[in-house]
Amino acid sequence: MAVWLLIMLALPLAAAAAGVVLGDRPAMGWLSVASAVASFAAALVVVFGYDAVRGRHALGSVFFLDGLSGVFLIAVAFVYAVVAVYSAGYLLPGIGHIRLRRWYWPLLNLFGLALLVTPVMANLGVLWVAVELTTVVSALLVTSEGSDESLEAGWKYIVIGSAGLAVGLLGIVLIYAAGVPSLGDHYTPTYTTLVHAGPHLNGTLVRTGFAFVLVGFGTKVGLVPMHAWLPDAHSEGPSPISAMLSGALLAAALYAVLRFGAIAQVAVGPSYVHVLLLVFGALSLVVAALFTLRQTNYKRLLAYSSIEHMGIVSLGIGIGGPIAAYGAFFHVLVHAAAKTLAFFGAGEVLSRYETRDAEEVRGVIRVAPFAGVMVLLGALAITGVPPFGIFRSELLIVTGGFSQSRYALAGLLIVFANVAFVGVYQVFHRMVLSPGEATAGDRTHVGRPEQPLMAVAMVISLIVVLVLGLWIPSPLNRLLHGAATVIGGRL
Amino acid sequence: MPVAPHYDVAHATAAIIAILALLSGLSLLLVKQVHEQVRVYAVQSVFAAGYTLLVGIDRVDAALIVLAVWTALIKVIVIPVSIDRAVTRQVSEHEVPLVVQVPMSLLIGVTLAGLAYWSGSALPIHGALLPMPALGMPLSLVLVGFFFMITRQNVISQIVGLLTLENGVFLATVAIAPGLPFAIGFLLLLDLLPAVVFYGVFARLIAARAKTTNIEDMAVLRG
């Protein structure tokens, strides 16, 4: 397993190094695509080929994989792969408006590397370093269109994100200190060490530490009220980067929260962890769903949708019990696929109409039928319309809520998922299907032919979110059960 | 008959360093000039390195002593000098616009420090050499750093606020988890360097566009 893990991590590192030399030459795009797709394949081998569900260390105790890390590793590796494919098309002349072209590929591959490292590190301090690295790299990618707005968004992101992570680090220190009485002054803070010492950890310090971790890493997840950076960064960054932020970065940060939550659960019991996740999850769901009703910037709209979905995942774990937890982890996977599709579609519209204002975009289906269909399907997928995967995951969480007698929370999810549906779908419906002339963009761009690589990336995301809505392969089913066992409970 | 706690030179020195570190954090709230803010941060980092050195000597821990030297090198010299060179010389205007004026800032800062000591006393934890509550001073720096970031509309000031916050977290680590493996402490500091470089890149971009590092006009994105 260690060899495959090293291959998975070495490929994006090598691609980033090559990018420094090759810059934005076309070969660099193909090299990055090959690297990202091969990394995804290696991740699949690591997770499914070595029975990661059982919880395994690799390369001594450098790496650790279990059901929880497996789910998040698959999600980030998938997003990195499809974003690389989409970017190879988006960076071609006349399509995406990226000024920082020279550094796009090295930064994207480094971003991919940091995201892949996060769920597999056994040492929780190194996990923090990996998440911090994602901030530094992705903040520059957010500014790569070179506009004043993107600069403002990048600055907000790096300052708020770094401050949040500093708080998260304080939480890690407190949890480390909670183990000193039983584990001694000098011990390596790995997940397994802390879980085995769980009942002997100092409960007050674990509670305080987890609260700091939740607020700190929760800032990167975009949980309300620490979400201020997210709508700006998602809306002003280039669309493939928005997809990476939404589908992979938020998931990686959420992984960190849940990993510490699993430790806290053993030390102080599950109810404390669940209550905190419920509070932040419910708040994020409600606030983000309401904000979708007043957005006219369609990328910003998708950003609020990301906050809503992170709220749903937190709510699913917070409800407790195996069914809701299973649904929440499944939601992480289908959200990754659906949100990449939605942001890729938004990128198509932006490159044609050159505006983020939904009111200036009309009749996409007539001028670019393929893009129009993809944009609309992306909006339907992300809002949880059947038969897409998000419908299935939300149904599982609601079922889990009923099975745990959490009727109010299940009701809350049903109501505000529908509010978000109205908010998101009405905007994309008008953009794609409403008659009328576009007031932005010139006809050359609006009617340009489909870019094959961008189309392939969208079709792949569509197939994944559609197939998962209809069928969950048995190895994936087992992985999701394994994740639910780590934090949630056994079936 | 209650026994008086044992205090030696190391404890007394640590207590003095803690007070000076807290005062350096509060004194940030007094200065309006960007250069001076960077210098106050450097002084504050001297105390962070000094406390780490003291704990290292007291525990006869070579790793902590190396970490102290490394901290001094990075936070007292490299970061302040690079921030100074990267940005502040590019712009003519160095006075920072304040959302909250100095007297009120100081009052809020002192209140935050009191809050930090009060909440720190709720945690059952002893700090290396520090008087109880061990987390009082580090948490004060965290809160003051946050407050400074929020109320100073200048990119350099916000970086200084962030670094102050990070100093608070660093001091908390040394105080309550001095055994946290050296490799992690080293990694964290190493991690700080590229972060500061990237902050510098941002700050230069902003300064190049607006000819100032003040960001009071930078509020296009809302809602």
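Here are some exercises with worked solutions on a predicted model of two chains, A and B.

**Exercise 1. Describe the interface between chain A and chain B: how many residues are in contact, and what area is buried?**

Let's begin with the contacts. On one side there are 50 residues of chain A, and they touch 44 residues of chain B. Next comes the area: about 3800 Å² is buried between the two chains, and carbon and sulfur atoms give 77% of it. Finally, look for the main contributors on chain A. L151(A), E152(A) and W155(A) supply 20% of the area that chain A buries against chain B, more than any other three residues.

**Exercise 2. Find which salt bridge crosses the interface of chain A and chain B, and where its partners lie.**

Step one is the count: the rule finds 1 salt bridge across this interface. Step two is the pair, R59(B) with D185(A), at 2.8 Å from N to O. Step three is the location. D185(A) sits in the loop between α6 and α7 (191-196) of chain A, and R59(B) in the loop between α2 (34-58) and α3 (62-88) of chain B, so the pair joins two chains. Step four is exposure: D185(A) is partly exposed with a relative accessible area of 33%, and R59(B) is also partly exposed at 29%.

**Exercise 3. Work out which helix gives the largest share of the side of chain A that touches chain B.**

Start with the count of polar contacts, which is 2 residue pairs between the chains, both residues at pLDDT 80 or more. Now list the helices of chain A that each supply at least two residues to this side: α5 (124-142), α6 (148-183), α8 (203-221), α9 (229-236) and α12 (298-319). The largest share, 20 residues, comes from α6(A). Sorted by character, the residues of this side are 26 nonpolar, 13 polar and 11 charged.

**Exercise 4. Explain how K156(A) and E152(A) are placed in helix α6, and say whether each is buried or partly exposed.**

First, the pairing: K156(A) and E152(A) form a salt bridge, with their closest N and O atoms 3.9 Å apart. Second, the spacing: they are 4 residues apart in helix α6 of chain A, which means about one helical turn separates them. The general rule helps here: an α-helix has 3.6 residues a turn, so residues three or four places apart point the same way. Third, the surroundings: K156(A) is partly exposed at 24% relative accessibility, whereas E152(A) is buried at 2%. Last, widen the view: salt bridges with shared partners link E152(A), K156(A), D232(A) and R300(A) into one network.

Terms used
Residues are numbered from 1 along each chain as its sequence is written. Chains are lettered from A and ligands numbered from 1 in the order in which they are written. This is a predicted model: local features need pLDDT of at least 70, side-chain atom pairs count only at pLDDT 80 or more; totals for chains, interfaces and linings use all residues. Side-chain values use heavy atoms; hydrogens and water are left out. Contact means heavy atoms within 4.5 Å. Buried area is the accessible area (1.4 Å probe) that two parts lose on being put together, summed over both. A salt bridge is a side-chain nitrogen of Lys or Arg within 4 Å of a carboxyl oxygen of Asp or Glu. A polar contact is a pair of N or O atoms within 3.5 Å; within protein, one must be able to donate a hydrogen and the other to accept it, and residues adjacent in sequence count only if both atoms are side-chain atoms. Ala, Val, Leu, Ile, Met, Phe, Trp, Tyr, Cys and Pro count as nonpolar, Asp, Glu, Lys and Arg as charged, and the others, Gly among them, as polar. Buried means under 20% relative accessible area, exposed over 50%, partly exposed in between (1.4 Å probe, protein chains only).
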